[in-house]
Amino acid sequence: MKLGSSEARARLTGSPVARLATADETGRPHVVPITFAVSRNLLYFAIDHKPKTTRNPRRLRNIRRNPQVSVLADHYADDWRQLWWARADGQAEIWTETAGLATAVGLLREKYPQYAEQPPEGPVVAIEVTKWSGWAFGGDIPL
C-alpha cells in the first residue's frame with residue numbers, strides 16, 4: 001500500500017542508513033549508502049572521516065552539476081508482510097561554511113554515537129525535501 005508523506009518521512013527518519021541517488025549532468029546514476037539526520041523538511045549528511053579515495057567524491061561532484069537527488073531507506077524481512085520502503089526527493093546544497101553546519105553536525109552526532117568523539121568535518125549536504133513517498137506491504141500472503 002502507498003504510504004502517506006508523514007508515514008514515509010517517519011520511516012525514513014528512523015532508519016539508521018539510507019541510499020543516496022545522484023546523477024551527473026548526462027543523467028548517469030550513482031548510488032551510495034549514507035548516514036543522515038532529518039529536521040523538518042531538511043535531510044542532512046556529511047562527508048566524514050571514514051576512508052575515502054578523495055575529499056571530493058562523486059556524490060558531491062554530481063550534486064554540484066545536478067542538485068536533484070533521492071534518498072531511499074527500506075526494510076526487508078523473510079516475512080514479506082514486513083516489507084517497506086520510503087523515499088525523500090529534493091534539491092541538495094553543499095554547505096562548507098554556513099550557520100547551519102553546526103546544527104546539521106549536531107543532529108548527526110545525536111543520531112550516531114560514532115560521531116561523538118569524531119564529528120564529521122564536512123562538507124555537509126542539506127537536502128530540501130520536496131516529496132516524501134513510500135510503500136509498505138498491505139495485504140496478506142501465505143507463509
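S133 lies in strand β8, which spans residues 124-136, and in this predicted model the residue has a relative accessibility of 9%, so that it counts as buried, the limit for that class being under 20%. Leaving out residues up to four places away in sequence, S133 touches A8, W85, A86 and R87. One of these partners, R87, is also part of a salt bridge, its counterpart being D89, and this leads from the strand to the charged pairs.

**Salt bridges**

Side chains of opposite charge can pair when their charged atoms come close. The structure holds 5 salt bridges, and the table lists some of them, including the pair that involves R87.

| Acidic residue | Basic residue | N to O distance |
|---|---|---|
| E7 | R11 | 2.6 Å |
| D79 | R81 | 2.9 Å |
| D89 | R87 | 3.0 Å |

The bridge between E7 and R11 is set within helix α1, residues 5-14, where the two residues are 4 residues apart, about one turn of the helix. E7 has a relative accessible area of 36% and is partly exposed, and R11, with a relative accessible area of 24%, is partly exposed as well. A8, one of the residues touched by S133, carries a number that falls within the range of helix α1, residues 5-14.

For the bridge between D79 and R81, the side chains meet at 2.9 Å, N to O, and R81 counts as partly exposed at 35% relative accessibility. In the bridge between D89 and R87, the closest N and O atoms are 3.0 Å apart; here D89 counts as buried at 14% relative accessibility, whereas R87, at 26%, counts as partly exposed. The two partners are therefore assigned to separate classes, because buried means under 20% relative accessible area and partly exposed covers the range from there up to the limit for exposed, which is over 50%.

**The surroundings of Y44**

Y44 is found in strand β5, residues 42-46, and counts as buried at 5% relative accessibility. Which residues is Y44 in contact with, leaving aside its neighbours within four places in sequence? The contacts are T35, F36, A37, S39, W95, A104, L107, L108, V124, V125 and A126. Among these contacts are V124, V125 and A126, whose numbers fall within strand β8, residues 124-136, the strand in which S133 lies. Y44 and T103 are 59 residues apart in sequence, and their C-alpha atoms are 9.7 Å apart in space.

Notes
Residues are numbered from 1 along each chain as its sequence is written. This is a predicted model: local features need pLDDT of at least 70, side-chain atom pairs count only at pLDDT 80 or more; totals for chains, interfaces and linings use all residues. Side-chain values use heavy atoms; hydrogens and water are left out. Buried means under 20% relative accessible area, exposed over 50%, partly exposed in between (1.4 Å probe, protein chains only). Contact means heavy atoms within 4.5 Å. A salt bridge is a side-chain nitrogen of Lys or Arg within 4 Å of a carboxyl oxygen of Asp or Glu.
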